[in-house]
Structure formats: structure tokens, C-alpha cells
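Work through the exercises below with the sequence and the coordinates at hand. Each task is followed by a solution in steps.

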Amino acid sequence: AQRKARNSNAMMKLAFLSALVASASAFVPSKTASRSTSLNAWKDETVVGITAPVGFFDPLGLSNGKSDEVMQLYREAELKHGRVAMAACLGWYLNAGGVHPAFNSELSNDPLEAAAQLPLVGWLQFVLGCGAIEWLAEQIKDRPGYQAGDILGASYWVDNSDEGWVDYQNKEINNGRLAMLAFMGILTQDLYFHDYGDQIFKPLTN
């Protein structure tokens, strides 16, 4: 009888503790809900990069559950990749067009072959130059009021209440997005079809 009473008391205590934990957990804010609210707030406050006709474009859901800090990091990465892609597209067509300002114009017109022919000193300059830019960008990030991608400090003189400034930023982001897609197409064209030149107007000239 005593064992049954002890077991009964133990079960009651366990049930009480379980109920207490369950009731307490009901007052703990949901991390998912909090993060979702944070993302929605970020989208509501962000006027740059969310443009017609697609609006907030994230088909893979990479932004789900991300904090404001992570979203700013994503925006920084998007801007950086877009800028590099725009420069890469311009450099590709200059090279393919026969413009070789360095190395006595001895490099191939095919940019991939030209990269393979580039002397070690050329690669060293390239790596050191990119490294210097990256280091400088990291130092600039530490300044107060830094905005993602704003290396030149334009946010000190103008903010997103200026429609012209917002329009300029949207143009840069959209051109960068297009350039990233374009460069992937250019690279694929050369790798798989061994044609580094223009394919859009080529049929018209044959």
C-alpha cells in the first residue's frame, strides 16, 4: 500500500512538473515566429532591391528565418557579386574584341585562353589588387552608419527618402543581377561551344 502511495505521489509530481513546463513554454516566444516577423519587417522597411515585376524575389526561400544582420550580409554579397559581374562582362568583350592594353597584346582574344596565358606577375597583381580592395572594404564597414555596399559613403549625404537615390540603387542592383546571369551564359558558351564572341548578331552577319 505504501509503495502504491509513493508511486502515486511520484506520478502526481511528474504530472505537475510536466504541466508546469508545458504552461511555461506557452509563454516563451516562438523563434520561428520572431524570425518571420523580423524578415517581414526587413522587407517592409527595405525600398531597395524589391522591384517590379517580381517584387521580393526569393524562390528558394534562402531568407526564411534570417535576421536583419544576415539579410544585410546577403545584400552586401549581392551588390559585390553584381559589381564584379558587370566588370567581368565589360572586360570579357573588350578582350574578345582584341583590346589588350598589357603584355604587348600577345594574349589570346579568347578570355579563358588569355587567363591561362597570363604570366605569374599578372596573377600576382590581380590577387594583390583584389585583396587590397577587400581589406579596404572591411575597414570601411566599421564606420558608424555604414550601409551594405556603400563603400564611398554616399549614405552620409543622401538617404532612401530621396526617390532619385533609391532609383539609382535599384538600377545598380538590377543591372548587377542581369550581369551575373549574363556572365554565366558567356562562360558556358565558351566552355561548351568554344565560342567566346557575340552570338546574338552573329547569324545576321553570315
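**Exercise 1.** Does L118 count as buried, partly exposed or exposed?

Solution. The model is a predicted one. Start with the place in the chain: L118 is found in the loop between α4 and α5. Next take the accessibility. The relative value for L118 is 22%. Buried requires under 20% and exposed requires over 50%, so L118 counts as partly exposed. Last, look at the surroundings. Leaving aside neighbours within four places in sequence, L118 is in contact with F103, L107 and W123. For L107, the separation from L118 is 11 residues in sequence, and the C-alpha atoms are 7.4 Å apart.

**Exercise 2.** Determine the order of secondary structure elements in the chain, and state how the contacts spread along the sequence.

Solution. Count the elements: the chain has seven helices and zero strands. Read from the N terminus, the order is therefore α-α-α-α-α-α-α. Then consider burial: of the 206 residues, 21% count as buried. For the contacts, take those between residues at least 6 apart in sequence; 58% of these join residues at least 24 apart.

**Exercise 3.** Where in the chain is the confidence lowest, and where is it highest?

Solution. Begin with the average. The pLDDT of the chain has a mean of 78, and 73% of the residues score at least 70. Going helix by helix, the lowest confidence is in α1 (residues 2-25), with a mean of 47, and the highest is in α5 (residues 120-140), at 92. Now inspect the weak stretches. Residues 4-8 have a pLDDT below 50, and this stretch has zero contacts in the model beyond near neighbours in sequence. Over residues 19-34 the pLDDT stays under 50 as well, with zero contacts beyond four places in sequence. Where pLDDT is low, predicted coordinates should not be read in detail.

**Exercise 4.** Which residues form the largest nonpolar core?

Solution. The core has six residues: A85, C89, W92, A96, A179 and I186. Assign them to helices: α3 and α6 each supply at least two, and the largest share, four residues, comes from α3. Then follow one member. Apart from neighbours within four places in sequence, I186 is in contact with C89, W92 and Y93. As background, nonpolar side chains tend to be buried together in soluble globular proteins.

**Exercise 5.** Describe the largest pocket and the largest cavity.

Solution. Take the pocket as step one. The largest pocket holds about 1,300 Å³ of space. Its lining has 34 residues, and V84, A87, A88, F126 and C130 lie nearest the centre. Helices α3, α4 (111-117), α5 and α6 each give at least two residues to this lining, with α3 giving the most, 11 residues. By class, the lining of the largest pocket divides into 24 nonpolar, six polar and four charged residues.

Step two is the cavity. The count comes to one cavity of 30 Å³ or more. About 50 Å³ of space lies in the largest cavity. It is lined by E78, L79, G82, R83, M86, E172, I173, G176, R177 and M180. Both α3 (68-96) and α6 (163-193) supply at least two residues of this lining. Its residues divide into four nonpolar, two polar and four charged.

**Exercise 6.** Is Q169 buried or exposed?

Solution. Q169 sits in helix α6. Its relative accessible area is 17%. The limit for buried is under 20%, so Q169 is buried. Leaving aside neighbours within four places in sequence, Q169 is in contact with V48 and N160.

**Exercise 7.** Examine the backbone at P53 and at H194.

Solution. Recall the usual case: most residues other than glycine have a negative phi, and most peptide bonds are trans. At the first site, the peptide bond from A52 to P53 is cis, with omega near 5°. P53 is placed in the loop between α2 (31-45) and α3. At the second site, H194 has a positive phi of about 55° although it is not a glycine. H194 lies in the loop between α6 and α7 (202-205). With a relative accessible area of 65%, H194 is exposed.

How values were computed. Residues are numbered from 1 along each chain as its sequence is written. This is a predicted model: local features need pLDDT of at least 70, side-chain atom pairs count only at pLDDT 80 or more; totals for chains, interfaces and linings use all residues. Side-chain values use heavy atoms; hydrogens and water are left out. On a 1 Å grid over the protein atoms alone, a cavity is a set of points where a 1.4 Å probe fits but cannot get out, and a pocket is an open set with protein on both sides within 12 Å along at least five of seven lines; lining residues have an atom within 4 Å of a point. Grid points are joined across faces, edges and corners, and a volume is the space filled by probe spheres set on the points. Ala, Val, Leu, Ile, Met, Phe, Trp, Tyr, Cys and Pro count as nonpolar, Asp, Glu, Lys and Arg as charged, and the others, Gly among them, as polar. pLDDT is the predictor's confidence in each residue, from 0 to 100. Contact means heavy atoms within 4.5 Å. A nonpolar core is a set of buried Ala, Val, Leu, Ile, Met, Phe, Trp, Tyr and Cys residues joined through side-chain atoms within 4.5 Å. Buried means under 20% relative accessible area, exposed over 50%, partly exposed in between (1.4 Å probe, protein chains only).
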